[in-house]
Amino acid sequence: GFYILVWLFIRRIYSSTHVAVLDHFIADAVRGDFPDAVRDDMLSVVPLPMIPRERSPRREGSVRACFIGFDTPNKGFDVFARIASAVPDIEFRVIGSGQDKDLATGQARPLVGSEAFMQAVQNCDVAIFPYKGGYRCSLSAAATDAVSAGLHILAFKRECFVALSHAFGGETVTLCDDAEEMIA
């Protein structure tokens, strides 16, 4: 609610000539994309509107790593699958498209509603985000879900995850250069 009030205040004061963004790198990108149209006094940065949830005590069983969302090329699903094949001692799950799927067996169970989705995410230990490209946002909805569930994030050094790392630190986000570093 606080962040909505901040955004509404910015919008009311500056009307439609002002832009509110969620991170400084987004403000820099907007300035770069529209150098003749956007001045510094036209941008406001609203801090990341979330606080990482403290992790619940670890459940019994093997470590679970998850890929959250649609398995699109820009999100690096192929990299996630390669990591899964290189680390057989960890259970890899794909949570999205209305299902929670075990990557190794292909067995899936339907997720009906947001509570079932969040429960599937909370049943994991780490969320892996090998995003390759296509994202110039301050954070992805999948990363928001992971942080709100108390998961540790393992991600490529894309701007959105660097911003999360700066906001929440190494206890919440580990940044990697490539798949080999994620595997290690």
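## Around helix α5

In this predicted model, the buried residues of α5 are covered by a set of elements that includes β3 (64-68), α4 (114-122), β7 (126-129), β8 (152-156) and α6 (159-168). Which residues of helix α5 (residues 141-148) are buried? They include Ala142, Ala143, Ala146 and Val147. Looking down the axis of α5, you will find its buried residues within an arc of 135°, so they line one face of the helix. A little background helps here: an α-helix has 3.6 residues a turn, so residues three or four places apart point the same way.

Just after α5 comes a backbone detail to look up in your viewer: Gly150 has a positive phi of about 85°.

## The nonpolar cores

Helix α5 also takes part in the largest nonpolar core, being among the elements that give two or more residues to it, together with α2 (24-33), β3, α4, β7, β8 and α6. This core has 32 residues. Which element gives the most to it? That is α6, with 5 residues. As for individual residues, Ile68, Phe129, Leu151, Ile153 and Phe161 are those with the most contacts inside the core.

There is a second, separate core as well, made of 17 residues, and Ile83, Val94, Val126 and Ile128 are among them.

## Phe129 and its surroundings

Phe129 deserves a visit of its own. Setting aside neighbours within four places in sequence, Phe129 is in contact with Ala142, Ala143 and Ala146, among others, and these three alanines are buried residues of α5. The contacts of Phe129 also include Ile68, Ile153 and Phe161, which, like Phe129, are listed with the most contacts inside the largest core. Ser140, Leu154, Ala155, Phe156 and Met182 are in contact with Phe129 too.

Is Phe129 buried or exposed? With a relative accessible area of 1%, Phe129 is buried. Tyr131 counts as buried as well, at 2% relative accessibility. The two rings form an edge-to-face aromatic pair, 5.6 Å centre to centre with 80° between the planes.

## Aromatic pairs and a cluster

How many aromatic pairs does the structure hold? There are 7. One of them joins Phe80 and Phe92 in an edge-to-face arrangement, with 5.5 Å centre to centre and 75° between the planes. This pair links distant parts of the chain: Phe80 sits in helix α3 (residues 77-86) and Phe92 in strand β4 (residues 91-96), 12 residues apart. Both Phe80 and Phe92 are buried.

Phe80 and Phe92 also belong to one aromatic cluster together with Phe67 and Phe77.

Key: Residues numbered from 1 in each chain as written. Predicted model: local features only at pLDDT ≥ 70, side-chain atom pairs only at ≥ 80, totals over all residues. Heavy atoms only, no water. Phe/Tyr/Trp six-rings, centres within 6.5 Å; stacked < 30°, edge-to-face > 60°. Helix = DSSP H or I, 4+ residues; strand = E, 2+ residues; numbered from the N terminus. Buried < 20%, exposed > 50% of the residue type's maximum accessible area, 1.4 Å probe, protein only. Arc of directions from axis to C-beta. Contact = heavy atoms within 4.5 Å. Core = buried A, V, L, I, M, F, W, Y, C linked by side-chain atoms within 4.5 Å.
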